[in-house]
Every structure is written in C-alpha cells, then in structure tokens.
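Colleague: I am new to this one. Could you show me how to read it, feature by feature?

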Amino acid sequence: MDAVRLIVTSRRALAGSGEAPQTMAEAWQAQALAQAIGSRLAVSGPPELRGEALGLTELAGRGCGVLDRPDVPDTDLRAAQLSELGDARQALMYLGGLLGEVGIALVGIASSADDEATYWQCMEAIDAADESRDRVLEMLRRLTDRDLGEALPEREAG
C-alpha cells in the first residue's frame, strides 16, 4: 500500500481510538510508519533528503521504543504494509500532520494519567513525535529549496 493511504488509515484509527491503551497503540503504529517511510526515503528518496530521512528513522524508532508494541499480528502493522512511497512531498505533508496529531493525543493521555509510568512514557513519546515532525518539516523545506533552485535558472533564461 502506498504511504499516503497508510497515513490516512493511521489518522482515522488514531482519531477513532478511545481508551489510553488504544491511543498509545495507534501512536506506536504511527511512529513505526514514520520509521518505515524514513527508511524508504533514506534508501531511495531524493538525495538531499537522505540525511534527514536517516534521522527520522532513528527518532521514530525511539518513539516506538518508549511505547509498548501493540498486540497485533505482523500483517496488521501498517509499517509492514508499506509497498511504495509515492510522491515524497505529499507523503511528508501527510506524515507531518499525523505526527502532530500523535503528539496531541499523547498530551491528552499524559495529562489524565493515573500512574507515573504512563505519564513519562507519553512524555518521551511526545518528544519523539515532535522531533520526528521537525525532521519531516525540514525535509519539506529542502524539497521547496530544491524546487526554487531549479525554477530560478528557468525564469532568468526566459
């Protein structure tokens, strides 16, 4: 499945999650998907994104590491269903939105957590989601800079 469809599926699942364990499982799924997209970009994405994509892979991996892995079969993991990236800019725009929503959902859980372990788990996952989103925004900026750089010589020649 392509990245944008998986991201849209994740956004819907996150929005529809009810209790804290479901929301945290969806946050894990989102981070795993971000990790898979970062990995794909690092290997076969535009050259100017590869360093930031590696950073996204590491940060999203950290986000997965602080949250408990959901108890779902591997075939139901969205990251495992990623078959193609599609348009990098579109995938990154959608991924940035998803990571922002993950952070907001985790803030809600952290603010109502009854135990300290859940609170700190959420705080670390929020930090990882925010840093992952920062990487995504940096990659979008680099794509824009590249596009502007390519467009300027054309305008000057015309």
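Colleague: Which residues does R133 touch, not counting residues up to four places away in sequence?

Modeller: A word first: this is a predicted model. Now to your residue. R133 touches G96, L99 and G100, once residues up to four places away in sequence are left out.

Colleague: Where does R133 lie?

Modeller: R133 lies in helix 5, residues 116-157. R133 is partly exposed, as its relative accessible area is 32%. The C-alpha atoms of R133 and L56 are 8.3 Å apart. Along the chain, 77 residues separate that pair.

Colleague: Let us step back. How many helices and strands are there in the protein?

Modeller: Five helices and zero strands. Read from the N terminus, the order of elements is α-α-α-α-α. The radius of gyration is 17 Å, close to the 15 Å that the globule rule gives for 158 residues, so the protein is as compact as a globular protein of that length.

Colleague: What box do the C-alpha atoms fill?

Modeller: Roughly 65 × 30 × 25 Å, taken along the principal axes. Buried residues make up 42% of the 158 residues.

Colleague: What share of the contacts joins residues at least 24 apart?

Modeller: Take contacts between residues at least 6 apart in sequence. Of these, 81% join residues at least 24 apart.

Colleague: Now the helix pairs. By what are two packed helices described?

Modeller: By the angle between their axes and the distance between the axes. Try helix 2, residues 20-44, and helix 4, residues 88-111. Their axes come within 10 Å and cross at roughly 150°. That makes helix 2 roughly antiparallel to helix 4, as the angle is over 145 degrees. The crossing of helix 2 past helix 4 is left-handed.

Colleague: Which residues of helix 2 and helix 4 meet?

Modeller: From helix 2 come A20, T23, M24, A27, A30, Q31, A34, I37 and L41. From helix 4 come A88, L92, L95, L98, L99, V102, A105, L106 and I109. By class, this contact of helix 2 with helix 4 holds 16 nonpolar, two polar and no charged residues.

Colleague: At what angle do helix 2 and helix 3 pack?

Modeller: About 155°, with the axes 7 Å apart. Helix 3 covers residues 50-66. Helix 2 and helix 3 are therefore roughly antiparallel to each other. Their crossing is left-handed.

Colleague: Which residues of helix 2 and helix 3 meet?

Modeller: Helix 2 residues in this contact include W28, Q31, Q35, G38 and S44. Among their partners in helix 3 are R50, L54, T57, A60 and C64. The residues of the contact of helix 2 with helix 3 divide into 11 nonpolar, eight polar and one charged.

Colleague: Are helix 1 and helix 4 parallel or antiparallel to each other?

Modeller: Look at the angle: about 20°, with the axes 9 Å apart. Helix 1 and helix 4 are therefore roughly parallel to each other. Helix 1 passes helix 4 in a left-handed crossing. Residues of helix 1 in the contact include A3, V4, I7 and R11. In helix 4 they meet residues including Y94, L98 and E101. By class, the contact of helix 1 with helix 4 has 11 nonpolar, three polar and two charged residues.

Colleague: Back to single residues. Is Q31 buried or exposed?

Modeller: Check its relative accessible area against the cut-off: buried means under 20%. Q31, in helix 2, has 1%, so Q31 is buried. Which residues does Q31 touch? Beyond residues up to four places away in sequence, they are A60, G63, C64, L99, A125, A128, A129 and S132.

Colleague: Is R12 buried or exposed?

Modeller: R12 is exposed, with a relative accessible area of 63%. Its place is in helix 1, residues 3-16. The C-alpha atoms of R12 and Q81 are separated by 16 Å, and the two residues are 69 apart along the chain.

Colleague: One more. Where is the place of E48?

Modeller: In the loop between helix 2 and helix 3. E48 is partly exposed, at 26% relative accessible area. With neighbours within four places in sequence left aside, E48 is in contact with R142, L143 and R146. The C-alpha atoms of E48 and L143 are separated by 7.9 Å, with the two positions 95 residues apart along the chain.

Technical notes
Residues numbered from 1 in each chain as written. Predicted model: local features only at pLDDT ≥ 70, side-chain atom pairs only at ≥ 80, totals over all residues. Heavy atoms only, no water. Axes fitted to C-alpha atoms, helices over the stretch in contact; angles between N-to-C directions. Helix = DSSP H or I, 4+ residues; strand = E, 2+ residues; numbered from the N terminus. Parallel < 35°, antiparallel > 145°, perpendicular 65-115°, else oblique. Left-handed = near helix turned anticlockwise from the far one by under 90°. Contact = heavy atoms within 4.5 Å. Nonpolar A, V, L, I, M, F, W, Y, C, P; charged D, E, K, R; others polar. Buried < 20%, exposed > 50% of the residue type's maximum accessible area, 1.4 Å probe, protein only. Rg over C-alpha atoms; globule rule 2.2 N^0.38 Å.
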